[in-house]
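Subject: Structure handover and notes

Dear colleague,

I am passing on the structure we spoke about, with the sequence and the coordinates shown just below. My notes on what was found in it follow after that, and I would be glad if you read them with the structure open beside you.

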Amino acid sequence: MGKKRHSAEEIVSKLRQVDVLTVQGRTVAEAIRQIGVTEVTYYRWRSE
C-alpha cells in the first residue's frame with residue numbers, strides 16, 4: 001500500500017473533524033480511526 005501525502009488544508013480539515021467528533025461524544029481513538037489516519041499521524045499533525 002502506497003503512502004498518501006495530505007495537503008495542509010486536508011490536515012487542518014481532518015484535525016477539525018476529530019475535534020467535532022470528540023465533542024459529539026466519541027473517544028479520540030474512534031474519531032481518529034473514522035478520519036482514516038493512524039494515531040501516530042494524528043499526534044504528529046497536532047504537534048506541528
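Read from the N terminus, the elements of the protein chain follow the order α-α-α, which fits the count of three helices and zero strands. Please keep in mind throughout that this is a predicted model, and that every value below was computed from it. Along the principal axes, the C-alpha atoms of the protein chain fill a box of roughly 30 × 20 × 15 Å. The chain has 48 residues, of which buried residues make up 25%, and it exposes about 3,900 Å², with carbon and sulfur atoms supplying 51% of that area. Among the contacts with a separation of 6 or more, 29% are accounted for by residues 24 or more positions apart.

The core

Which residues form the largest nonpolar core? There are ten of them, namely Ile 11, Leu 15, Val 18, Leu 21, Ala 31, Ile 32, Ile 35, Val 37, Tyr 42 and Trp 45. At least two residues of this core come from each of helix H1 (8-23), helix H2 (28-35) and helix H3 (39-47), and H1 gives the most, with four residues. As general background, nonpolar side chains in soluble globular proteins tend to be buried together. Val 18 is a useful residue to display when you look at this core, since once its neighbours within four places in sequence are left aside, Val 18 is in contact with Ala 31, Ile 32, Ile 35 and Tyr 42.

Helix H1

H1 has 16 residues and reaches 23 Å from its first C-alpha to its last, which is close to the 22 Å expected at 1.5 Å a residue. Its buried residues are Ile 11, Lys 14, Leu 15, Val 18 and Leu 21. Seen down the axis of H1, these buried residues fall within an arc of 125°, and they therefore line one face of the helix. They pack against H2 and H3, whereas the face of H1 turned away from its buried side carries the exposed residues Ala 8, Glu 9, Arg 16 and Val 23. After H1 comes Gly 25, whose phi is positive, near 110°.

Three further residues of H1 are worth a look, because each of them has a relative accessibility between the 20% and 50% cut-offs and so counts as partly exposed. The first to consider is Val 12, which lies in H1 and has a relative accessibility of 37%; its C-alpha atom is separated by 12 Å from that of Ile 35, 23 residues apart along the chain. Val 20 is also placed in H1, with a relative accessibility of 46%, and the C-alpha atoms of Val 20 and Ala 31, eleven residues apart along the chain, are separated by 8.8 Å. Thr 22, again in H1, has a relative accessibility of 27%. From Thr 22 to Ile 32 there are ten residues in sequence and 9.6 Å in space, C-alpha to C-alpha, and beyond its neighbours within four places in sequence, Thr 22 is in contact with Thr 27, Val 28 and Ala 31.

Helix H3

Which residues are buried in H3? They are Thr 41, Tyr 42 and Trp 45, and seen down the axis of H3 these buried residues fall within an arc of 100°, so they line one face of the helix. What covers them includes H1 and H2, while the face of H3 turned away from its buried side carries the exposed residues Val 40 and Ser 47.

Why does Thr 41 count as buried? Its relative accessibility is 15%, and the cut-off for buried is under 20%, so Thr 41 falls on the buried side. This residue, which has its place in H3, also makes a polar contact through its side chain with the side chain of Thr 38, at 2.9 Å.

With best regards

Note on methods: Residues numbered from 1 in each chain as written. Predicted model: local features only at pLDDT ≥ 70, side-chain atom pairs only at ≥ 80, totals over all residues. Heavy atoms only, no water. Core = buried A, V, L, I, M, F, W, Y, C linked by side-chain atoms within 4.5 Å. Buried < 20%, exposed > 50% of the residue type's maximum accessible area, 1.4 Å probe, protein only. Contact = heavy atoms within 4.5 Å. Polar contact = N/O pair within 3.5 Å; in protein donor to acceptor, adjacent residues only side chain to side chain. Expected span 1.5 Å × (residues − 1). Arc of directions from axis to C-beta. Areas by Shrake-Rupley, 256 points an atom, 1.4 Å probe, with all protein chains shown as cover.
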